[in-house]
Amino acid sequence: MGIIDTSSGLCEAGLGSTVFWYGNPDAERAMARSVQEGLIGMIDTAEMYGNGRCEEAVGRVVKEVGRDNVYLVDKILPDDARPAHFRESLETSLRLLGTDHIDLYLLHWREKADLAFVAEAMTEAVEDGLILRWGVSNFDVSDMEDLFAVNHGDDCYTDQVLYNICERGPEYDLFPWLKEHGVIPMSYSSLGSSYTGTRKRCESDSVIRAISAETGLSVAAVMLAFNVRNHDISALFGSTSYKHIKDDLAGISADISPYMEQINKRFPSPDHKVPLAKL
């Protein structure tokens, strides 16, 4: 489908690992089972999550299900994406994950990161086989333009941003820019965010719940269908339950296009620039 490069291993949907922040054996078992049964193949984590505890948990899942069955996405903090720390940080993540390579390695935020150095360091890591591809997270259009202005910057594979049915800001200018430049959009907080207040709003919204009732899909499945089927986004979501994961992933193959008029009326796409929401 569209721009999502499933041939590379980048999937329509993947599981986030923030549920492991303080340890969650049930969530680990649910994730492992979902991979083993072929429901999911992509797992997202970051060195920041639990100061490495989430990477360790993902590493246990990877060991159980087999490395070849998982597409690993990891992220490095801007403070570590510097000459004195980049390679050490990457190697620490590799050790915690129990792997010799990361499929997709992202700069978590821009902040004061030296984009010229980051692009060069990422390129060297690809050449050394430590990562297969690299990208960024929380980059708006101006950030992407700055990145593409440096050497190797246009090798950026993806931009992972906060996006869901209730928070559609990137549709105005960021997603068109990414598509024009061949960068794959990936969404986090695809089911809404408790930090921005949209998770509860989305879950309780009458329009979304009505679509859920009519289609037999879970509310989360409707939201995943919105991202993946209608906007060609590689969507990340989290769950501690195997049943919920299975139910939610029904949205990947669901066609909710007959309901888009209702959705657009309830949650209109912006007609002006909206600051990128970030977590």
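Biologist: What makes Arg133 a residue whose charged end sits over the ring of Tyr157?

Modeller: In this predicted model, the charged end of Arg133 is 4.8 Å from the centre of the Tyr157 ring. The distance cut-off for CZ of Arg is within 6 Å, with a further limit of within 35 degrees of the ring normal; Arg133 is listed as sitting over the ring. Arg33 is placed likewise over the ring of Tyr242, 3.7 Å from its centre.

Biologist: Why is the pair of Trp21 and Tyr49 called tilted?

Modeller: The count of aromatic pairs comes to 6. For Trp21 and Tyr49, the ring centres are 5.7 Å apart and the planes stand at 35 degrees. Centres within 6.5 Å make a pair, and planes that are neither under 30 degrees nor over 60 apart count as tilted; therefore the pair of Trp21 and Tyr49 is tilted.

Biologist: What makes this pair a tie between separate parts of the chain?

Modeller: Trp21 belongs to the loop between β1 (13–16) and α1 (25–36), whereas Tyr49 belongs to the loop between β2 (42–44) and α2 (53–65). The pair therefore ties together parts that are 28 residues apart in sequence.

Biologist: How do you know whether Trp21 is buried or exposed, and which term applies to Tyr49?

Modeller: Buried requires under 20% relative accessible area and exposed over 50%. Trp21, at 26%, falls in between and is therefore partly exposed. Tyr49 has 10% relative accessibility and so counts as buried.

Biologist: What makes the pair of Tyr163 and Phe226 stacked?

Modeller: Their centres are 6.2 Å apart, with 25 degrees between the planes. Stacking requires an angle under 30 degrees, so the pair is stacked. Tyr163 lies in the loop between β6 (158–162) and α6 (174–180), and Phe226 in helix α9 (residues 219–231), 63 residues away. Tyr163 has a relative accessible area of 0% and is buried; Phe226, also at 0%, is buried.

Biologist: Which residues have the most contacts inside the largest nonpolar core?

Modeller: This core has 83 residues, and those with the most contacts inside it include Phe86, Leu107, Ile165 and Phe237. Helix α9 gives the most to the core, with 9 residues. Beyond four places in sequence, Ile165 touches residues including Met223, Phe226 and Phe267. Apart from the largest core lies another of 13 residues, among them Leu10, Cys11, Met42 and Met186.

Biologist: Which residues do ring pairs link with Phe86?

Modeller: Ring pairs join Phe86, Tyr105 and Phe117 into a cluster.

Key:
Residues numbered from 1 in each chain as written. Predicted model: local features only at pLDDT ≥ 70, side-chain atom pairs only at ≥ 80, totals over all residues. Heavy atoms only, no water. Helix = DSSP H or I, 4+ residues; strand = E, 2+ residues; numbered from the N terminus. Buried < 20%, exposed > 50% of the residue type's maximum accessible area, 1.4 Å probe, protein only. Core = buried A, V, L, I, M, F, W, Y, C linked by side-chain atoms within 4.5 Å. Contact = heavy atoms within 4.5 Å.
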